[in-house]
Amino acid sequence: MGEVVVHVLLVESDTAAAVQIARALLAEDLSVAIGHNGIDGLLKLQQRSTALLIVNSRLPDISGAALVGAARAKGYRGPVLLLTPAGQ
């Protein structure tokens, strides 16, 4: 039987943070796509099946909560991790 690939979408505008998070996910044999803003994240979410959505709460164009709401409205029903800055 073929290997199951778990796809994760990471929406993070901070490139350094995105690289660190993606490396950790890849080390766990997860497939990672990165969106650098909310619009990019929503487009990537529509392009392939996603098992987990990881979103920064502060994106440059829309809030992370708004992105999650839009993803849900478009039919995404998987788990979500909403990242917040330290001290928030």
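Which residue of S3 does Leu 10 stand opposite? The close-ups below begin with the sheet of this predicted model and come back to that pair along the way.

**View 1. Four strands form an open sheet.**
Welcome to the sheet, where the strands follow the order S2-S1-S3-S4 and the pairing is parallel. At the edges are strand S2, residues 31–35, and strand S4, residues 80–83, and each of these pairs on one side only. From one strand to its neighbour the turn is 15° on average, with direction ignored. In general, the strands of a sheet are joined through backbone hydrogen bonds, in either a parallel or an antiparallel way.

**View 2. S1 pairs with S2 and with S3.**
Here is the pair from the opening: Leu 10 stands opposite Ile 54 in S3. S1 and S3 run in the parallel sense and share 4 bridges. Turn to the pairing of S1 with S2, and you will find 5 bridges, again in the parallel sense. In that pairing, His 7 stands opposite Ser 31 in S2.

**View 3. Strand S3 is mostly covered.**
Strand S3 spans residues 52–56 and pairs with S4 in the parallel sense over 4 bridges. A spot to look for in this pairing is Asn 56, which stands opposite Leu 83 in S4. How many of the 5 residues of S3 are buried? The count is 5 of 5. Leu 52, Ile 54 and Asn 56 point one way from the strand, while Leu 53 and Val 55 point the other way. Buried residues are found on both of these sides.

**View 4. The edge strand S2 has a covered face and an uncovered one.**
Ser 31, Ala 33 and Gly 35 make up the covered face of S2. Val 32 and Ile 34 make up the uncovered face. Both Val 32 and Ile 34 are touched by Ala 22, a residue that the next view shows in its helix.

**View 5. Helix H1 lies across S1, S2, S3 and S4.**
H1 covers residues 15–27, and its direction makes about 165° with that of S2. Ala 22 is found in this helix. Is Ala 22 buried or exposed? Ala 22 is buried, as its relative accessible area is 8%. Besides Val 32 and Ile 34, Ala 22 touches Leu 10, leaving aside residues up to four places away in sequence. Ala 22 and Leu 9 are 13 residues apart in sequence, and their C-alpha atoms are 9.5 Å apart in space.

**View 6. Helix H2 packs on the sheet.**
H2 runs from residue 38 to residue 47 and touches S1 and S2. The direction of H2 makes about 140° with that of S2.

**View 7. H2 and H3 pass each other in a right-handed crossing.**
In general, a pair of packed helices is described by the angle between the two axes and by the distance between them. For H2 and helix H3, residues 64–73, the axes come within 10 Å and cross at roughly 25°. Angles under 35 degrees count as roughly parallel, so H2 and H3 are roughly parallel to each other. At the contact, Gly 38, Leu 42 and Leu 45 in H2 meet Leu 67, Ala 70 and Ala 71 in H3. Sorted by type, the residues of this contact are 5 nonpolar, 1 polar and no charged.

**View 8. Three exposed residues close the tour: Asp 29, Ser 49 and Ala 73.**
Asp 29 sits in the loop between H1 and S2. Its phi is near 65°, a positive value in a residue other than glycine. With a relative accessible area of 63%, Asp 29 is exposed. Where does Ser 49 lie? Look in the loop between H2 and S3. Ser 49 is exposed, with a relative accessible area of 60%. Ser 49 and Leu 10 are 39 residues apart along the chain, and 13 Å separates their C-alpha atoms. Ala 73 belongs to helix H3 and is exposed, with a relative accessible area of 72%. Between Ala 73 and Arg 23 there are 30 Å in space, C-alpha to C-alpha, and the two are 50 residues apart in sequence.

How values were computed. Residues numbered from 1 in each chain as written. Predicted model: local features only at pLDDT ≥ 70, side-chain atom pairs only at ≥ 80, totals over all residues. Heavy atoms only, no water. Pairing = 2+ DSSP bridges. Helix = DSSP H or I, 4+ residues; strand = E, 2+ residues; numbered from the N terminus. Axes fitted to C-alpha atoms, helices over the stretch in contact; angles between N-to-C directions. Contact = heavy atoms within 4.5 Å. Parallel < 35°, antiparallel > 145°, perpendicular 65-115°, else oblique. Left-handed = near helix turned anticlockwise from the far one by under 90°. Nonpolar A, V, L, I, M, F, W, Y, C, P; charged D, E, K, R; others polar. Buried < 20%, exposed > 50% of the residue type's maximum accessible area, 1.4 Å probe, protein only.
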